[in-house]
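Biologist: I'd like to learn how to read a structure like this one. Could we go through it together, feature by feature?

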Amino acid sequence: MKFPLRRALFSASALSLIAAPDAVVARQSNAPEDDRSSANDLLTDTIIVTASKTDPFQADNQSPPEQIAIPADAAGIAARTPGGALIQNGALSGQLSYRGLFGERVLGRINGQRFASGGPNAMDPPLHYAPSILIDRIEITRGTAPVSQGPSLSAAVNAQLVGTRFSDTGELAANAYAAGQYRSVDNSYAIGGQIGIATLRWRLGVIGSREEGDDYDYAGGTAIGTSFERQLYGVEGGFRAGEGEFFVEYRRSETDPTGNPPFALDIVYFDTDFLQAGYRGQLTDDLHLELRMGHVAVRHLMDNQTTRQPAAQAMRARATFADADTNTGEIALRFGSDWRNVTVGGDVEMVDKDVTITNPTNAAFFLEAQPNLSSERIGGFVQWRGGIGAAEFELGARLDRTSQTAGVPQLGTAVPMGPRMLAAAFAASGREQSDTTVDVVARAWVPMGEFVPRVTLSRKTRVPSLLERFAWLPTEASYGLADGNIYVGNQALEPEVAYTLEAGADFNGEVFTFRPTAYYRRVDDFIQGTPFDATVGVLDTPVEMVANMNGDPTPLTFRNVDAEFYGMDLDFTVRPTARVLIDGTVNYVRGMRRDIDDDLYRVPPLNGRISIAYEGDRFAIGGELTGAADQNAVSISNDEDTSEGYVIAGLFAQFRLRDGVKLEAGVENIFDTFYQPHLAGRNRGEASDVPLSERLPGYGRGVWIRTSANF
């Protein structure tokens, strides 16, 4: 069942849902209060779906939406932001595409902590470690991320999990949050919560969740190989000292066998430990300190035996072990008030990675595809917040020095000659690179009552990833492109440099709000997969011969090209009566190569959503339409297929059983529409109802029910 997208997006007669009764007041938060008070919030794109905005550069706090079934993959929540789109790579491996950029170009963090993905194909992008049932809010920078948040070519995303709050009185008090959801389309459940005790001076809490789901249904079949399992548990604490807080937190995330049909292998496990500690708060009236140190250890196994149907034959059986360790340290000193200040700071990030491919039926077959990779970065920044007359501004600059190295790969005796030749050539190469990068961001806005015009100019950079530089063995590892192509690294890569102009305005009236933004981004040395050589399909190099052994005679290598992006996005709300609320988003981006006549790869089409809700005293009902247009502007050089547009509809209801206790339910994809999002990964599972190499379809019709309580 198809509808004209443009008419649907702008017609208030065919709407669906939006927020619940408490969508027009601040949502109760179980995250520590001090996390909300950072001056960095003024520099990030805060889409607060639960309260009106007061500053055009606050972080877009995208709380878990009440109008849909909360997806296990938190990227599905983040993708609802203006400028966002979801790269669907399986139940727990999705990525946020923001204004056409994704992967490591969008900085991802959990509770403010940055870290490296453990999977060579990004089966664990940062939001993998934020179970949706435990999310308090997802902060998404509004456009280009400020320099204070660290290197990032585009936006920065931070998932803040629920946490224990300090007591409001001198008495010892307990606070807790609990939630659970059932979803019929994949027979999944999610339960999670937090409980803690606190006084005015200290707080101590624990957090935990469990999620499990079967293969999901779509209109016309079942996507075999999409089941998932994950659990998380942890402890946190804080101690107030004067006007600041010392804090510490530890979490353990365990992903059990989970299908990933867009990839050649499925998740067997991710066992990941998060530890961070620090201080945040006022040292004096005009001096604020933020200090943070962290460690993340990822241990990962993926194979084509445990969940893949049918399992690979013995000769092609593979089990890949991957480790990643990240150590970070950050310090920032802010001199002045919240509105007039200078902040100086520095940060260090050290990453170590190892990836070994094995055959579980043959102990003599193993290859170190990413041998002892290491990246060390040290950086510093200065940021000035001030004003001239009615205009407010923020200026920032940062300098980073990054050094990357790779070890010598070890191979088993059963490995054939082709990979041995490539390993020897890699061992004889330089295997090290250093880059110095400079970022500059300038933001300005003019508060004019309900109307606030704004503009951003920036120069942002990204150093090539360890994978892009040192992937000596032709494999499908591509940080989540999941397109079936085989890629190989390139040690000659230069850092990407993006020059961006963004302009927009916020109108915040009592009945109507409207926030459009237009942007243009020119990227020099953009890194993209390109044909390995000029004789595509002719097997005249060792790389092409090995790639052909792995099923692809036309491998791609990462190269620097020139690119540009332009587009616009907006969000709006309309309250025609006291009990009716309408809202929506519209996103458009175009990405093109500047060095050749071609479009860029995996850029989302025009898309958006629109919703309407009727709010009673203790209930709300409504519905939502979500859709995308055809995408015909595709990359010819990457053999990208076009995609068809779609519109899907859902219904929603919410009931407040008492203060802090909600019961929610709904129907998703009510017309059981078949659709294949343009950014969905390609199916690799032979036993699925989804044909081989076809894009994964979206979820079919199903019902869901959820309850949550704050105490």
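Biologist: Let me start with a single side chain: is phenylalanine 246 buried, partly exposed or exposed?

Modeller: Keep in mind that this is a predicted model. To sort a residue, look at its relative accessible area: under 20% is buried and over 50% is exposed. Phenylalanine 246 comes out at 45%, so it counts as partly exposed. You'll find phenylalanine 246 in strand β14, which covers residues 243-255.

Biologist: Which residues does phenylalanine 246 touch, if I leave aside its neighbours within four places in sequence?

Modeller: Those contacts are Gly237, Gly238, Phe239, Ala241, Gly278 and Tyr279. For a sense of scale, take asparagine 490, which is 244 residues away along the chain: its C-alpha atom is 43 Å from that of phenylalanine 246.

Biologist: And what would a buried residue in a strand look like?

Modeller: Try histidine 288 in strand β16. Its relative accessibility is 12%, so histidine 288 counts as buried. Beyond the residues up to four places away, histidine 288 touches Gly281, Gln282, Ala332, Leu333 and Arg334.

Biologist: How far apart are the C-alpha atoms of isoleucine 195 and tyrosine 177?

Modeller: They are separated by 6.4 Å, with the two positions 18 residues apart along the chain. Isoleucine 195 belongs to strand β9, residues 188-198. Setting aside residues up to four places away, its contacts are Thr164, Asn175, Ala176, Leu204, Gly205 and Val206.

Biologist: Let's zoom out. How many helices and strands does the chain have?

Modeller: Five helices and 32 strands. For overall shape, you compare the radius of gyration with what a compact globule would give. With 711 residues, that would be near 27 Å, and the chain has 25 Å, which agrees. The C-alpha atoms fill a box of roughly 70 × 55 × 50 Å along the principal axes.

Biologist: What share of the residues counts as buried?

Modeller: 62% of the 711 residues. You can also ask how far along the chain the contacting partners lie. Among contacts with a separation of 6 or more, 69% are between residues 24 or more positions apart.

Biologist: What about the surface and the charges?

Modeller: The chain exposes about 26,100 Å², and carbon and sulfur atoms supply 59% of that. There are 63 positive and 91 negative charges, and their mean positions are 3 Å apart.

Biologist: Now helices. Which residues of α3 are buried?

Modeller: Gly418, Pro419, Leu422, Ala423 and Phe426. The trick is to look down the helix axis: these buried residues of α3 fall within an arc of 130°, so they line one face of the helix. On the other side of α3, Met417 and Ala425 are exposed. The buried residues of α3 pack against β19 (362-388), α4 and α5.

Biologist: So let me apply that to α5. Which of its residues are buried?

Modeller: In α5, residues 542-549, they are Val543, Glu544, Val546 and Ala547. Down the axis of α5 they span an arc of 165°, so they too line one face of the helix. Their cover includes α3 (417-427) and β23. Just after α5 comes glycine 551, with a positive phi of about 100°.

Biologist: How should I read backbone angles in general?

Modeller: Most residues other than glycine have a negative phi, and most peptide bonds are trans. That makes the exceptions worth a look.

Biologist: Where does alanine 482 lie?

Modeller: In the loop between α4 (466-470) and β23 (487-488). Phi of alanine 482 is near 50°, a positive value in a residue that isn't glycine. Alanine 482 is also buried, with a relative accessible area of 4%. Asparagine 669 is another non-glycine residue with a positive phi, about 45°. Asparagine 669 sits in the loop between β31 (661-668) and β32 (702-710), and at 5% relative accessibility it counts as buried.

Biologist: And which two residues does a cis peptide bond join?

Modeller: Glutamine 309 and proline 310, with omega at about -10°. To locate it, go to the loop between β16 (287-303) and β17 (319-336), where proline 310 is found.

Conventions. Residues are numbered from 1 along each chain as its sequence is written. This is a predicted model: local features need pLDDT of at least 70, side-chain atom pairs count only at pLDDT 80 or more; totals for chains, interfaces and linings use all residues. Side-chain values use heavy atoms; hydrogens and water are left out. Helices (H or I, at least four residues) and strands (E, at least two) are DSSP runs, numbered from the N terminus. The radius of gyration is taken over C-alpha atoms; the globule rule is 2.2 Å times the number of residues to the power 0.38. Buried means under 20% relative accessible area, exposed over 50%, partly exposed in between (1.4 Å probe, protein chains only). Contact means heavy atoms within 4.5 Å. Accessible areas come from the Shrake-Rupley method with a 1.4 Å probe; for residues, only the protein chains shown count as cover. Lys and Arg count as positive and Asp and Glu as negative; His and the chain ends are not counted. The place of a charge is taken as NZ of Lys, CZ of Arg, CG of Asp or CD of Glu. The arc is that of the directions from the helix axis to the C-beta atoms.
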